[in-house]
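The exercises below are meant to be worked through with the sequence and the 3D view open side by side. Try each task before reading its solution.

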Amino acid sequence: MHQHPPGRLTLPRVLLTDRAFVYTNSAATDVRTTMQRARHLQEQEALQQRLAAAKTQPALPGVPEAPPRRMRAGMAQGQHLALPRI
């Protein structure tokens, strides 16, 4: 019976004959940077999920969202600006 060396046997993600395969020398790999990059990607994905959830949630529960009003120079359409008298 053939025995594997100690450790977990894993298969490559990309075949050697695939154009997406990029060779990286084992001496050039740094586990710390790999883990830092993985954590950063997870944080980015979590942030994107939170932002997507915030967009679907109404601003105030029970209050319907009003359509945007167009303003021109600080005045609502059809209304005049009342200036204080000196």
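**Exercise 1.** In this predicted model, state whether Arg-32 is buried or exposed, and then find which residue forms a salt bridge with Arg-32.

*Solution.* Begin with the surface: Arg-32 has a relative accessible area of 66%, and because the exposed class starts over 50%, Arg-32 counts as exposed. Next, look for the partner, which is Asp-30, with the closest N and O atoms of the pair 3.5 Å apart. This distance falls within the 4 Å limit for a salt bridge. Asp-30 itself, at 28% relative accessibility, is partly exposed. As a general point, side chains of opposite charge can pair when their charged atoms come close. Finally, the count for the whole structure is one salt bridge.

**Exercise 2.** Determine which residues make the nonpolar surface patch of about 380 Å², and where Phe-21 lies relative to helix H1.

*Solution.* The patch is made by Leu-16, Phe-21 and Tyr-23. Of these, Phe-21 belongs to the segment that comes before helix H1, which spans 31-56. With a relative accessible area of 33%, Phe-21 is partly exposed, and therefore passes the requirement of over 30% for patch residues.

**Exercise 3.** Describe the order of the elements, and say where confidence is lowest and where it is highest.

*Solution.* First, the protein has one helix and two strands, and these run α-β-β from the N terminus on. Then turn to confidence: the mean pLDDT is highest in H1, at 88, and lowest in strand E2 (residues 75-76), at 57. Across the protein the average is 75, and 64% of the residues score at least 70.

**Exercise 4.** What percentage of the 86 residues is buried, and how is the accessible surface made up?

*Solution.* Buried residues account for 1% of the 86 residues. The accessible surface comes to about 9,700 Å², and carbon and sulfur atoms contribute 57% of that area.

Terms used
Residues numbered from 1 in each chain as written. Predicted model: local features only at pLDDT ≥ 70, side-chain atom pairs only at ≥ 80, totals over all residues. Heavy atoms only, no water. Helix = DSSP H or I, 4+ residues; strand = E, 2+ residues; numbered from the N terminus. Buried < 20%, exposed > 50% of the residue type's maximum accessible area, 1.4 Å probe, protein only. Areas by Shrake-Rupley, 256 points an atom, 1.4 Å probe, with all protein chains shown as cover. Patch = residues over 30% accessible without salt bridge, like charges linked within 9 Å, V, L, I, M, F, W, Y side chains within 5 Å. Salt bridge = Lys/Arg side-chain N within 4 Å of Asp/Glu carboxyl O. pLDDT = per-residue confidence, 0-100.
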